[in-house]
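Here are some exercises to work through with the model open beside you. Try each task before you read its solution.

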Amino acid sequence: MTSIDVRDLTKEYGTRRAVDDLTFTVPPGRVTGFLGPNGAGKSTTMRLVLGLDRPTSGSARLGGRPYASLPQPLRTVGALLDADAALGSRTGRDHLRVLAATHRIPDRRVDEVLEETGLTPAARRRVRTYSLGMRQRLGIAAALLGDPEVLMLDEPSNGLDPEGIVWIRGLLRRLADEGRAVLVSSHLMNETASFADHLVVLGRGRLLADTPMREFIDARVRPAVRVRTSDSDALENALARHGHQAVHHPEGHWTVPDARVDDIGRLASAEGVPLLELTADEGTLEQAYLDLTAADTEFTARPQEA
Amino acid sequence: MPFAPVFRSEWLKIRTVRSLLATLFALFAVTTAFSAIASLEPEDQGADPLFTALSGTALGQVAAVAFGSLAVSAEYREGAAVRLSLTAVPRRGLWFGAKTAAIAAVVLVVALVTSLAALFAGLAGLGDAADGPTTAESVRGVGGGAVYLTLMALFAAGLATLLRSGVATLSVLIPFILIVSFVVGDALGAVADFMPDRAGQAVLRAEPDGTLGPWAGLAVTACWTAAALLAGAWRLRRQDA
């Protein structure tokens, strides 16, 4: 199967470095979340992989070949870059037929991907009449057209309704399980956490992290235990006696940092503290991400990517 | 990647957009109608009957130019459809060649029918008032007129690729065709005969009165078209999409 190989990739627009010496691999069989704030270089990297923009230096290859040299590119890579790429005056189905014609993909396949993306009822309507969510689905349909081994989707859940977001999660999972390489960019943490196995994190064009998602979170967020009790004083005293510095939240619960549920549960039981709730407070991707980027104060002030 | 499927894709692009088809219809309707009107009331009796019968071409070319530029500029609107097109066909030279060929084929067919219809409408309007053009002159006028319209459409397509904008292309070409060539053209004398539109229109005359003969004139227009297409191809190949 084919993977995406980015090596020492650099792209400068004038004096601005949009992508700075980037190296990573997107292997088959898993969903790689491509994370970073707006303007971090995610879209630029995707355009470089597709040969739309020329790198200043370095390379991006698909199964060892540059995109432009693929004999049938749509059968190797399916990409969603921009939901607005379809001309408003064409019908959704015709938009896909135009793309399909370049690879001699039959109309039967066009109807299949329309079905798969739930666009069949709107297939013969002009794209102008589509909602953003529908245009996003049309873009995904276009990416699936050639049954490609590699999928590269830029913010695919943009504009999707909640049902659509659940659908795309399942779709990404299935595509990866079928052995395809899937790269999905997003600037939304919770969403990325819901589908990614692996993370490639960018900041100002540079690679900040390239790790499995679980490791990324565990390495950056200390585990904690969340406790709720009917006897706050007893809990605080009991925890203090065992060297825990619990934090009380105005909502009524306590957080015990650097602790495990097993320990706190036994401790509370031994001390006779009544517990109403006891849960492991696992780190979220958001926390881990903010920890990673906290050092880099310029982050939030970056202008939006054009 | 073979040429034929890419050509078919570009042909489908034209066929599936109503505004492009409307422009082609306008090419036919405007050219034929104005040929008929001009022939009913020729400005002076000594006028070239072939040129009078095909005079709608001068206005019809606006539609040809609009078609050529719109067919290209559809790729450069918001959302940059061109990126999707180049994702499907990453070989930019091949893609541009197929697009150019599709535009040329469509305009040539429509323009042949148009020129023929305009000639008949024009000759019917002139009636027996003037000596009609010979058959050879008529064939040359119709065929040459169709090629001329095709070259103008491609000239616009090349310019639109260079400028990446239909609006910019039309704001350069339409005033040029409708005003500059007419008004300034006379003042410039012989130089004006080498303007892209004036040169090619020599082919519409039974007896060209300018510096260039019918085929030489068409060749000059072809050079302008080639230059515009090459400039467009240069920008397409060289720059980020």
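**Exercise 1: a three-stranded sheet**

In chain A, V6(A) stands opposite A60(A), a residue of strand 4. Starting from this pair, work out the sheet around it and find what lies across it.

Before the solution, some ground rules. This is a predicted model, in which local features need pLDDT of at least 70 and side-chain atom pairs count only at pLDDT 80 or more, while totals for chains, interfaces and linings use all residues. Residues are numbered from 1 along each chain as its sequence is written, and chains are lettered from A and ligands numbered from 1 in the order in which they are written.

Solution.
- Step 1: strand 1 (residues 4-13) and strand 4 of chain A are antiparallel partners over five bridges. Strands here are DSSP E runs of at least two residues, helices are H or I runs of at least four, both numbered from the N terminus, and two strands pair if DSSP finds at least two bridges between them.
- Step 2: the open antiparallel sheet of chain A has three strands in the order 2-1-4. Strand 2 (16-26) and strand 4 (57-62) of chain A are its edge strands, each pairing on one side only.
- Step 3: on average, neighbouring strands of this sheet are turned by 20 degrees against each other, direction ignored.
- Step 4: helix 1 (residues 42-49) of chain A lies across strand 1, strand 2 and strand 4 of chain A, at about 115 degrees to strand 1. Axes are lines fitted to C-alpha atoms, for helices over the stretch in contact, and angles run from 0 to 180 degrees between N-to-C directions.

**Exercise 2: a four-stranded sheet**

Trace the sheet of chain A with the order 11-12-10-13, pair by pair.

Solution.
- Step 1: strand 11 and strand 12 of chain A pair antiparallel over two bridges, with V247(A) opposite T255(A). These strands form a hairpin with five residues between them, and G252(A) in the turn has a positive phi of about 115 degrees.
- Step 2: strand 10 and strand 12 of chain A share four bridges in the antiparallel sense, and V225(A) stands opposite V256(A).
- Step 3: strand 10 (residues 224-229) of chain A also pairs antiparallel with strand 13 of chain A, over six bridges; here R228(A) faces E277(A).
- Step 4: strand 11 (247-248) and strand 13 (275-281) of chain A stand at the edges with a single partner strand each, so one side of each has no neighbour in the sheet.
- Step 5: along strand 12 of chain A the side chains alternate, W254(A) and V256(A) pointing to one face and buried, T255(A) and P257(A) pointing to the other and not buried. A residue is buried if 20 or more other C-beta atoms, placed from the backbone, lie within 10 Å of its own, exposed if 12 or fewer, and partly exposed in between.

**Exercise 3: a residue of chain B**

Is A241(B) buried or exposed, and which residues does A241(B) touch?

Solution.
- Step 1: find A241(B) in the segment after helix 10 (214-238) of chain B.
- Step 2: count the other C-beta atoms within 10 Å; there are 21, so A241(B) is buried.
- Step 3: leaving out residues up to four places away in sequence, A241(B) touches L52(A), V82(B), R83(B) and L86(B). Contact means C-beta atoms, placed from the backbone, within 7 Å.
- Step 4: for the wider setting, 26 residues of chain B are in contact with 27 residues of chain A.

Key
Two residues are in contact if their C-beta atoms, placed from the backbone, lie within 7 Å.
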